[in-house]
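Visitor: Could you take me through this structure slowly, and tell me the reason behind each word you use?

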Amino acid sequence: MPKGYWVSAYRTISDPEKLAAYNKLAGPAVEAGGGRILARGSRVVAHDAGIAERTVLIEFDSFEQALAAHESAAYQEALVALSDGVERDFRIVEGID
């Protein structure tokens, strides 16, 4: 069964306090949903049309598990805390077997 991944690229962080509140809630929500953080804000080198921006990569045992974690009440609460504090590109991606 292919794994699932959350990929977040943060274009701008306009409210660091909202991001901190989100991180406080999102970490436990991700762990409860079976997610494992593989990269978070590490060094980024962008190529082609890419932009070197804060990037987060989270792995789940399946694509379905990644979807369910995003829809969980705990993660939805984290999103409310984040609200308009950042502009980001968030994707849920299915891995290859």
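Guide: What follows is a short conversation about terms and the values behind them.

Guide: This is a predicted model, in which local features need pLDDT of at least 70 and side-chain atom pairs count only at pLDDT 80 or more, while totals for chains, interfaces and linings use all residues. Residues are numbered from 1 along each chain as its sequence is written, and side-chain values use heavy atoms, with hydrogens and water left out.

Visitor: Why does Val 80 count as exposed?

Guide: Exposed means over 50% relative accessible area, buried means under 20%, and partly exposed lies in between (1.4 Å probe, protein chains only). Val 80 has 65% relative accessibility, and therefore counts as exposed. Its place is in helix 3, residues 73–82, where a helix is a DSSP run of H or I with at least four residues, a strand is a run of E with at least two, and both are numbered from the N terminus.

Visitor: Is His 70 buried or exposed, and why?

Guide: His 70, at 16% relative accessibility, falls under the cut-off and so counts as buried. It sits in helix 2, and, leaving aside neighbours within four places in sequence, His 70 is in contact (heavy atoms within 4.5 Å) with residues including Trp 6, Tyr 75 and Phe 90.

Visitor: What makes a set of residues a nonpolar core?

Guide: The set must consist of buried Ala, Val, Leu, Ile, Met, Phe, Trp, Tyr and Cys residues joined through side-chain atoms within 4.5 Å. The largest one here has 16 residues, and Tyr 22 is among those with the most contacts inside it. Helix 1 gives this core its largest share, five residues.
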